Amino acid sequence: MTYQHLKVPQGEKITLKNGRLHVPDHPIVPFIEGDGTGPDIWQAAVRVFDAAVEKAYKGKRRISWMEVYAGEKAFNMQLGWLPDETLQAFNDFLVGIKGPLTTPVGGGIRSLNVALRQELDLFVCLRPVRYFEGVPSPVKKPEDVDIVIFRENTEDIYAGIEWQAGSAEAQKVIHFLQQQMGIGKIPYSEATGIGIKPISRPRTERLIRAAIQYAIDHHRHSVTLVHKGNIMKFTEGAFKQWGYELAAREFREQIVTARESWILANKDDHPELGDEEIARMIDPGYAMMTPEQQAEIRQEVAATLATLLPTHGNGQWREKIMIKDAIADIALQQVLTRASEFDVIATMNLNGDYLSDALAAQVGGIGIAPGANINYQTGHAIFEATHGTAPKYANLDKVNPGSVILSGVLMLQHLGWQEAAELIVRAMEKTIGQKRVTYDFERLMDGATLLKCSEFGSALIDNMV
């Protein structure tokens with residue numbers, strides 16, 4: 001393959017066969033160094049990646065890095081903000097990594113990060129959040145945080161379907177809602193912006209399928225569906241319902257829902273109880289229900305016991321992955337007060353945005369929060385620093401490169417190069433434990449040694465054992 005502005009290094013393509021990645025010993029991996037502090041953190045990170053691969057595989061494996069362009073660097077090269085060749089390279093080579101990108105100022109120009117995700121249909125935003133011992137934290141028990149977020153990446157309000165207040169388009173939509181859909185009066189309609197929030201069953205199902213499979217593959221204990229379905233019943237409420245239905249349909253042997261666990265636990269503890277007694281125990285409002293509602297609860301109990309007692313009864317359900325749900329506002333509270341009760345979270349785009357940054361704050365900030373954007377169906381994946389460009393620190397060799405380094409750890413794990421990934425994680429744990437850190441941590445730690453961005457990368461390499 002040929003590109004006009006990109007140079008393809010010696011190496012081989014990563015491919016997808018029968019749904020599985022096939023990774024050669026010398027894979028070509030496109031990278032975007034990023035804007036602002038991007039060059040600093042990339043230069044530190046790539047040395048760490050190469051050192052880990054070399055140490056783990058003694059020269060038998062090596063990544064062939066291929067620079068591709070986006071953001072300010074591409075614009076300054078007169079290639080535009082997101083050149084077609086860059087998208088083509090990520091499409092051709094499947095797996096890549098990037099630093100932070102700025103969104104150019106000006107109306108009608110969407111986020112480059114969002115554009116990459118949508119153009120390549122990277123429907124999972126994977127955000128694992130865990131604590132490294134010694135990192136300054138604003139909470140009492142940051143060690144309780146070990147949560148993996150699956151954030152749907154392609155729809156919700158990030159689909160960008162909206163119209164400016166006062167525009168002819170907004171007025172047209174408002175007129176349609178009032179005249180054709182029977183919405184009634186919309187207050188201040190002449191000064192109201194309108195947005196559309198699409199949530200589809202196919203995209204919900206592929207996200208939740210990926211989250212449950214991840215929980216199975218990584219021996220996790222639960223998947224929580226986070227939603228605001230009590231208010232948005234046909235979008236976020238549907239997300240929850242579709243998630244439960246998919247879990248039961250495709251992963252029946254591996255999962256149990258929270259409600260099923262209540263039924264089974266009561267039957268395990270009290271085998272003599274009938275359906276109505278169990279119905280009363282699992283639903284405190286049973287006595288106030290209509291006869292029809294009570295019948296539905298009894299039928300639910302009877303169906304659960306008839307279907308699941310052989311495979312999930314007698315305590316077997318305790319070994320299954322628990323599928324449960326939480327209202328978004330309650331989830332944001334409980335990840336602070338009882339983080340250990342969350343394991344894998346599957347949620348929509350906006351909820352996932354809030355949750356991932358809130359959790360990152362509990363374990364030291366987005367400076368060490370990794371991220372990945374993945375399409376498990378096509379094999380495409382872009383791993384990325386999750387923070388912004390911080391232009392005032394550009395070229396100062398100052399900022400923490402931890403986010404892009406830990407995103408590289410996710411990439412190595414995705415490639416199946418676990419040994420190299422573990423070397424970096426252990427080195428990160430050891431270096432932070434030694435209190436040899438960049439300025440963001442040093443100013444909050446007693447007795448810490450201040451390191452430059454590049455020096456932190458060197459310290460990680462020195463601590464690879």
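**Helix 4 and its surroundings in a predicted model**

Helix 4, residues 112-119, sits mostly under cover, with six of its eight residues buried. That goes for the predicted model examined here, and the buried set reads Leu112, Asn113, Val114, Ala115, Leu116 and Arg117. Asn113 and Arg117 are thus on the buried list alongside Leu112, Val114, Ala115 and Leu116. The cover comes from several elements: among them are helix 2 (71-76) and helix 3 (84-93), together with strand 5 (95-98), strand 7 (146-152), strand 14 (370-374) and strand 15 (381-385). After helix 4 comes Asp121, with a positive phi near 55°.

Strand 7, one of the elements covering helix 4, is also home to Phe150. Phe150 counts as buried because its relative accessibility is 0%, and the cut-off for buried is under 20%. Setting aside neighbours within four places in sequence, Phe150 is in contact with Val124, Cys125 and Leu126, with Leu207, Ala210, Ala211 and Tyr214, with Val344, Ile345, Ala346 and Thr347, and with Tyr376. As for Ile208, its C-alpha lies 7.9 Å from that of Phe150, with the two positions 58 residues apart in sequence.

Strand 15, another part of the cover over helix 4, leads into the loop that holds Ala394, which runs between strand 15 and helix 13 (402-415). Here the chain brings together residues that are 355 apart in sequence: the C-alpha atoms of Ala394 and Pro39 are 8.0 Å apart. Once neighbours within four places in sequence are left out, Ala394 is in contact with Gly36, Thr37 and Asp40.

Back to phi for a moment. Most residues other than glycine have a negative phi. Asn18 goes the other way, with a positive value of about 55° despite not being a glycine. Its loop joins strand 1 (15-17) and strand 2 (20-22). Asn18 is exposed, since its relative accessible area is 85% and the cut-off for exposed is over 50%. Asn314 is another non-glycine residue with a positive phi, near 55°. It is found in the loop between helix 10 (291-312) and strand 12 (321-327). With a relative accessible area of 73%, Asn314 is therefore exposed too.

Zooming out, the protein has 16 helices and 17 strands. Its radius of gyration is 25 Å, which agrees with the value near 23 Å that a compact globule of 465 residues would have. Along the principal axes, the C-alpha atoms fill a box of roughly 70 × 60 × 50 Å. Of the 465 residues, 52% are buried. Among contacts with a separation of 6 or more, 73% link residues that are 24 or more positions apart.

On the outside, the protein exposes about 21,800 Å², and carbon and sulfur atoms supply 51% of that area. As for charge, there are 48 positive and 58 negative ones, and their mean positions are 3 Å apart. The domain assignment splits off domain 1, made of two stretches (1-136 + 376-464), and domain 2 (162-195). The C-alpha centres of these two domains lie 43 Å apart.

How values were computed: Residues are numbered from 1 along each chain as its sequence is written. This is a predicted model: local features need pLDDT of at least 70, side-chain atom pairs count only at pLDDT 80 or more; totals for chains, interfaces and linings use all residues. Side-chain values use heavy atoms; hydrogens and water are left out. Domain bounds come from an automatic or database domain assignment. Helices (H or I, at least four residues) and strands (E, at least two) are DSSP runs, numbered from the N terminus. The radius of gyration is taken over C-alpha atoms; the globule rule is 2.2 Å times the number of residues to the power 0.38. Buried means under 20% relative accessible area, exposed over 50%, partly exposed in between (1.4 Å probe, protein chains only). Contact means heavy atoms within 4.5 Å. Accessible areas come from the Shrake-Rupley method with a 1.4 Å probe; for residues, only the protein chains shown count as cover. Lys and Arg count as positive and Asp and Glu as negative; His and the chain ends are not counted. The place of a charge is taken as NZ of Lys, CZ of Arg, CG of Asp or CD of Glu.
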